Amino acid sequence: MNPAKAEQQKLRLAAFADEIAPDLDTQIRHCRANGVTHFELRGVAGKNVLDFDPALRREIRQKLADNGLGVVSIGSPIGKVKLAEPFAPHFDRFKIAVELAEFFEAPFIRIFSYYEAADRAEVLRRMQAKVDYLRGRAPVLVHENEAHIYGEKGAACLDLLQTIHSPQLRCAFDFANFVQAGEDPLANWPLLKPYTAHIHIKDALRGSGQVVPAGEGDGHIPEILRDAYASGYRGFLSLEPHLSVAGQFTGFTGPELFATAATALKRVCQAQAIPLATS
């Protein structure tokens, strides 16, 4: 196999770098040290990605470029509101996320599907409006199976994806969130595999829900990653370790535990013969 072809077969590491530290330079340094090539851009300097001013946007883009790093996803909180809240202001925030994805040349925008979402029709209407807004644009929405939203569990995630039925709405598969929801990720994987464009790496223990490094919990990360790779997945594995703090809109891990999380994932990939790119 020629070198270019071999490189295409490698999966790349991304990370919610704000889990390392609020400071951008610290985020960059530790991502580079751990083989992370792309940010899942969620927070810098204590500010949420949707609240970056133009100067901060330009600074981040330039520093990432100077260090050979990119942005794989805008780690937005879009959809992390109650369904009863007015849609128009939230949709305006969504438009900012799209603008950011284009500014940073990020292929994905992470989204959610609303708290207290008993009205399925309204959830679908709002999701469809987002997909419609993206028509003719490059970014793809990736829905994360977050706790207490409409798409918390596998069947509801599948319902969203099948009903909207658009290549611009895909799945961001999160192992730990399914475990914490009382579901088996291994059972949900065959349902969501055809729609999975992005994979979040965090693991958790059944019962307590405690978040642990990849391969140390009940997320079946080794088996699922092995099948994903064998089935042709060549995207990103995005570290969202949550090993210290897991909040509603962010998480924190710190530099040392971030290295622990990255090392655990590399160990899993090595054991499953999944090659990783490191630059």
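These legends accompany an overall view and several close-up views of a predicted protein model.

**Figure 1. The whole protein, with its 10 helices and 15 strands.** The radius of gyration is 18 Å, close to the 19 Å that the globule rule gives for 279 residues, so the protein is as compact as a globular protein of that length. Measured out along the principal axes, the C-alpha trace spans about 45 × 45 × 40 Å. Of the 279 residues, 57% count as buried. Among contacts with a separation of 6 or more, 74% join residues 24 or more positions apart. If you turn to the outside, about 11600 Å² is exposed, and carbon and sulfur atoms supply 52% of that area. The charged side chains number 31 positive and 33 negative, and the centres of the two sets lie 4 Å apart.

**Figure 2. The largest nonpolar core, seen around Leu225 and Leu237.** This core has 80 residues, and Leu225 and Leu237 touch the most other members. Helix H4, which runs over residues 87–103, gives the most to the core, with seven residues. Another core lies apart from this one; it has eight residues, among them Val72, Phe108, Val140 and Ala172. As background for this view, nonpolar side chains tend to be buried together in soluble globular proteins.

**Figure 3. Leu225 and the residues that it touches.** Leaving aside residues up to four places away in sequence, Leu225 is in contact with Phe175, Ile199, Ile201 and Leu237. Leu265, Val268, Cys269 and Ile274 complete the list of its contacts, with the same sequence neighbours left aside.

**Figure 4. Ile201 in strand S9.** The strand covers residues 196–201. Is Ile201 buried or exposed? Its relative accessible area is 2%, under the 20% limit, so Ile201 counts as buried. Beyond residues up to four places away in sequence, Ile201 touches Phe175, Ala214, Leu225, Leu237, Ser238, Leu239, Glu240, Pro241 and Leu265. For a sense of scale, look also for Thr278: Ile201 and Thr278 are 77 residues apart in sequence, and their C-alpha atoms are 17 Å apart in space.

**Figure 5. Asp218 in the loop between strand S11 and helix H9.** Strand S11 covers 211–212 and helix H9 covers 221–230, with Asp218 in the loop between them. The relative accessible area of Asp218 is 24%, which lies between the 20% and 50% limits, so this residue is partly exposed. Which residues does Asp218 touch, not counting those up to four places away in sequence? They are Val179, Pro185, Asp203, Ala204, Leu205 and Arg206. Lys202 is 16 residues from Asp218 along the chain, and 10 Å separates their C-alpha atoms.

**Figure 6. Glu105, a residue with positive phi.** Most residues other than glycine have a negative phi. Glu105 is not a glycine, yet its phi is positive, at about 55°. You will find Glu105 in the loop between H4 and strand S6, which covers 108–111. With 70% relative accessibility, over the 50% limit, Glu105 counts as exposed.

**Figure 7. Ala273, also with a positive phi.** The phi of Ala273 is about 60°, although this residue is not a glycine. Ala273 sits in the loop between helix H10 (255–271) and strand S15 (276–277). Ala273 has a relative accessible area of 60% and is exposed.

Conventions:
Residues are numbered from 1 along each chain as its sequence is written. Side-chain values use heavy atoms; hydrogens and water are left out. Helices (H or I, at least four residues) and strands (E, at least two) are DSSP runs, numbered from the N terminus. The radius of gyration is taken over C-alpha atoms; the globule rule is 2.2 Å times the number of residues to the power 0.38. Buried means under 20% relative accessible area, exposed over 50%, partly exposed in between (1.4 Å probe, protein chains only). Contact means heavy atoms within 4.5 Å. Accessible areas come from the Shrake-Rupley method with a 1.4 Å probe; for residues, only the protein chains shown count as cover. Lys and Arg count as positive and Asp and Glu as negative; His and the chain ends are not counted. The place of a charge is taken as NZ of Lys, CZ of Arg, CG of Asp or CD of Glu. A nonpolar core is a set of buried Ala, Val, Leu, Ile, Met, Phe, Trp, Tyr and Cys residues joined through side-chain atoms within 4.5 Å.
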